[in-house]
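Visitor: I would like a close look at a single part of this model, with the cut-offs behind each term, and then at what surrounds that part in the fold.

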Amino acid sequence: MMFIAREDKEDGLVLPNHQVLYQRLITYATGAENGPFVAQMLSSWMAGRGSLPRCMGLGEDRFKAMVVGLFPGYHAVDLQSCPDVEPERASELEDVRSLLLAHRSNRSDEELWIADIVATGCMGDDHLWSDLGLFERKYLSEMLLYNFRPLAEQNTNNMRWKKFFYRQLCAREGFILCRSPSCESCSEFSECFAPEEK
């Protein structure tokens with residue numbers, strides 16, 4: 001049976017569907033550090049927010065293992081018929097995934113799920129935190145620092161995460177996509193470093 005998201009009232013306020021779903025989901029959380037991050041992304045995905053495809057990019061078995069592993073006893077999730085990532089972007093997705101996995105914090109196997117979800121989110125067209133269904137950009141930064149600290153700590157100037165990943169990939173291949181000799185002198189500085197809206 002498909003879980004139908006709807007608006008509920010709490011303390012007299014009508015909350016958006018994804019926040020209501022989050023509040024329900026988090027009560028099943030095991031206490032793992034990634035639980036709140038995944039609960040945000042999963043609740044947004046169930047409410048049709050963000051741009052993650054079917055099974056959040058994990059494949060059916062791994063998606064179910066993630067839900068059972070982080071939220072045992074929660075059975076309201078059903079698979080959506082969202083489109084998968086375009087096949088022609090598979091190598092791009094794999095490049096981002098391998099970048100993340102090369103910088104794991106090695107705290108748990110949850111990093112494998114997070115790497116796949118984040119790489120899949122990079123295929124979206126909006127800010128990465130929004131494409132993932134996180135509620136604010138700060139949660140993306142916290143999630144990346146927890147799971148991929150060696151990489152996340154390199155983003156010392158608070159570059160937008162998707163741009164930062166692709167800049168790292170370019171540098172790894174030995175070329176720089178940007179024409180400007182430095183970020184500070186670039187005419188598009190605000191595109192890469194401007195604070196993102198909630």
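Guide: Contact means that heavy atoms lie within 4.5 Å. This is a predicted model, in which local features need pLDDT of at least 70 and side-chain atom pairs count only at pLDDT 80 or more, whereas totals for chains, interfaces and linings use all residues. Residues are numbered from 1 along each chain as its sequence is written, and side-chain values use heavy atoms, with hydrogens and water left out.

The part I have chosen is Lys 162, which is found in helix H9, residues 161-173 (helices are DSSP runs of H or I with at least four residues, strands are runs of E with at least two, and both are numbered from the N terminus). Leaving out residues up to four places away in sequence, Lys 162 touches Gly 121, Cys 122, Gly 124, Asp 125, Asp 126, Leu 128 and Asp 131. With a relative accessible area of 15%, Lys 162 is buried (under 20%, with exposed meaning over 50% and partly exposed in between, for a 1.4 Å probe and protein chains only). Its side chain makes a polar contact of 3.3 Å with the side chain of Asp 131 (a pair of N or O atoms within 3.5 Å, one able to donate a hydrogen and the other to accept it, where residues adjacent in sequence count only if both atoms are side-chain atoms).

Gly 121, one of the residues that Lys 162 touches, is also the last residue of helix H5, residues 110-121. The axis of H5 and that of helix H7, residues 137-147, come within 11 Å and cross at roughly 135 degrees (axes are lines fitted to C-alpha atoms over the stretch in contact, with angles from 0 to 180 degrees between N-to-C directions). That angle makes H5 oblique to H7 (under 35 degrees would be roughly parallel, over 145 roughly antiparallel and 65 to 115 roughly perpendicular, the rest being oblique). The contact is made by Glu 111, Ile 114 and Val 118 of H5 together with Met 143, Leu 144 and Asn 147 of H7.

Helix H7 also holds Tyr 146, which is partly exposed at a relative accessible area of 22%. Beyond its neighbours within four places in sequence, Tyr 146 is in contact with Glu 33, Asn 34, Ser 105 and Arg 107; the C-alpha atoms of Tyr 146 and Asn 34, 112 residues apart along the chain, are separated by 8.3 Å.

For the wider setting, the protein has ten helices and two strands, and buried residues make up 42% of its 198 residues.
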